Amino acid sequence: MRRIGLAALGLALFLALWESLPRLGLVNPMLLPTPSVIPAAFWAEIQSGAWASAVRASLGHYTIGLVLGSVLGLVLGIATGMSQLAEDMTSWVVRVLRPIPGLAWVPFAIIWFGVSPSSAVFIIAIGVFWIVFFAAHGAIRGVDRDLIEVADAFGFRSAWERLFKILLPAAMPGILVGVRTALGQAWMAVVAAEIFGVPGLGQRMIQASSLLATEIVVVYMLTMAALYGLLDTLFVAIQGWVLRWKA
């Protein structure tokens with residue numbers, strides 16, 4: 001209870017400071033809206049239908065991009081983690097492509113897919129892919145070699161048997177950490193993918209900022225934070241169920 005009380009006090013002090021800065025004239029209210037105007041702006045967005053439409057669109061881009069990037073990253077990460085040949089063949093490809101930021105792919109996304117949901121999915125998937133790829137690769141490589149020898153002793157000599165009986169269960173904690181990190185990275189990629197005109201939360205934020213409607217920008221920032229918090233909480237519950245054998 002003490003920790004909860006201190007957290008609530010810290011939040012209250014933060015909101016009070018935020019509220020006081022524009023009211024005291026220290027910050028222009030057009031540039032930084034007070035927290036007290038946020039609920040009214042949120043309600044207006046709900047009534048107009050813009051909030052629900054933006055959330056539906058972004059959740060669609062987010063989900064498809066997250067799943068696509070995670071699956072590709074998981075498959076290639078496991079393949080390169082299990083096979084030295086696969087790692088050697090892809091090592092320089094990874095070194096060339098990995099440093100390229102997701103925003104650098106936006107021109108190609110627009111050229112290939114146009115200003116459409118597919119381009120947003122592409123940008124999000126790229127951002128997610130590398131996180132899951134390195135998490136899966138590192139987790140597979142980090143499996144105790146003694147477990148592999150035990151698998152050989154018990155007759156698990158084929159690649160599939162090793163993968164599903166030994167490697168995946170042992171590497172799952174590390175893989176899930178990567179996927180959880182990708183949940184947050186995907187939300188950051190959503191804004192980057194939508195600011196160029198793809199319908200969603202990012203587009204709505206850019207529209208509002210161009211009109212100096214900063215209270216609406218804050219509404220969508222808090223919306224993204226709330227959606228991420230909800231998804232992260234759900235993922236942690238699923239993670240706990242998957243790793244219940246560790247308890």
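**Exercise 1. Locate Val242 in the predicted model, classify its accessibility and identify its contacts outside the local sequence.**

*Solution.* Step 1: Val242 belongs to helix α10, which covers residues 214-242. Helices here are DSSP runs of H or I with at least four residues, strands are runs of E with at least two, and both are numbered from the N terminus. The model is predicted, so local features require pLDDT of at least 70 and side-chain atom pairs count only at pLDDT 80 or more, while totals for chains, interfaces and linings use all residues. Residues are numbered from 1 along each chain as its sequence is written, and side-chain values use heavy atoms, with hydrogens and water left out.

Step 2: With a relative accessible area of 28%, Val242 is partly exposed. The classes are buried (under 20% relative accessible area), exposed (over 50%) and partly exposed in between, with a 1.4 Å probe and protein chains only.

Step 3: Residues up to four places away in sequence are set aside, and Val242 then touches Met172 and Leu176; contact means heavy atoms within 4.5 Å. Leu176 lies 66 residues from Val242 along the chain, and their C-alpha atoms are separated by 9.4 Å.

**Exercise 2. Is Thr214 buried or exposed, and which residues does Thr214 contact beyond four places in sequence?**

*Solution.* Step 1: Thr214 also lies in helix α10. Step 2: Its relative accessible area is 14%, so Thr214 counts as buried. Step 3: Beyond its neighbours within four places, Thr214 is in contact with Pro29, Met30, Leu31, Leu32 and Pro33.

**Exercise 3. Where is Leu212, and what is notable about its phi?**

*Solution.* Step 1: The loop between α9 (201-210) and α10 contains Leu212. Step 2: Its phi is near 60 degrees, a positive value in a residue other than glycine. Most residues other than glycine have a negative phi. Step 3: Leu212 is partly exposed, because its relative accessibility is 42%.

**Exercise 4. Contrast the C-alpha separations of the pairs Leu66–Trp187 and Ala16–Leu167.**

*Solution.* Step 1: Leu66 sits in helix α3 and is buried, at a relative accessible area of 13%. Step 2: Leu66 and Trp187 are 121 residues apart in sequence, with 9.3 Å between their C-alpha atoms. Leu66 touches Ile124, Val128, Ala182, Leu183 and Ala186, residues up to four places away not being counted.

Step 3: Ala16 lies in helix α1 (residues 2-23) and is partly exposed, at 44% relative accessibility. Its C-alpha atom is 51 Å from that of Leu167, which is 151 residues away along the chain.

**Exercise 5. Describe the largest pocket by volume, lining and contributing helices.**

*Solution.* Step 1: The largest pocket has a volume of about 330 Å³. Of its 15 lining residues, Leu76, Leu97, Ile126, Phe129 and Trp130 are the closest to its centre. On a 1 Å grid over the protein atoms alone, a pocket is an open set of points with protein on both sides within 12 Å along at least five of seven lines, whereas a cavity is a set where a 1.4 Å probe fits but cannot get out; lining residues have an atom within 4 Å of a point. Grid points are joined across faces, edges and corners, and a volume is the space filled by probe spheres set on the points.

Step 2: At least two lining residues come from each of α3 (50-82), α4 (84-97) and α6. The most come from α6, with six residues.

Step 3: The lining comprises 13 nonpolar, two polar and no charged residues. Ala, Val, Leu, Ile, Met, Phe, Trp, Tyr, Cys and Pro count as nonpolar, Asp, Glu, Lys and Arg as charged, and the others, Gly among them, as polar.

**Exercise 6. How many cavities of 30 Å³ or more does the structure hold, and which helices give two or more residues to the lining of the largest?**

*Solution.* Step 1: There is one cavity of 30 Å³ or more, and the largest cavity contains about 60 Å³ of space. Step 2: Its lining includes Val106, Ile110, Ser119, Ile123 and Phe196. Two or more lining residues come from each of α5 (106-113) and α6 (117-141). Step 3: By class, the lining has nine nonpolar, two polar and no charged residues.

**Exercise 7. Characterise the fold as a whole by its elements and dimensions.**

*Solution.* Step 1: The protein has ten helices and zero strands. Step 2: The C-alpha trace spans about 75 × 55 × 30 Å along its principal axes. Step 3: Of the 247 residues, 37% count as buried.
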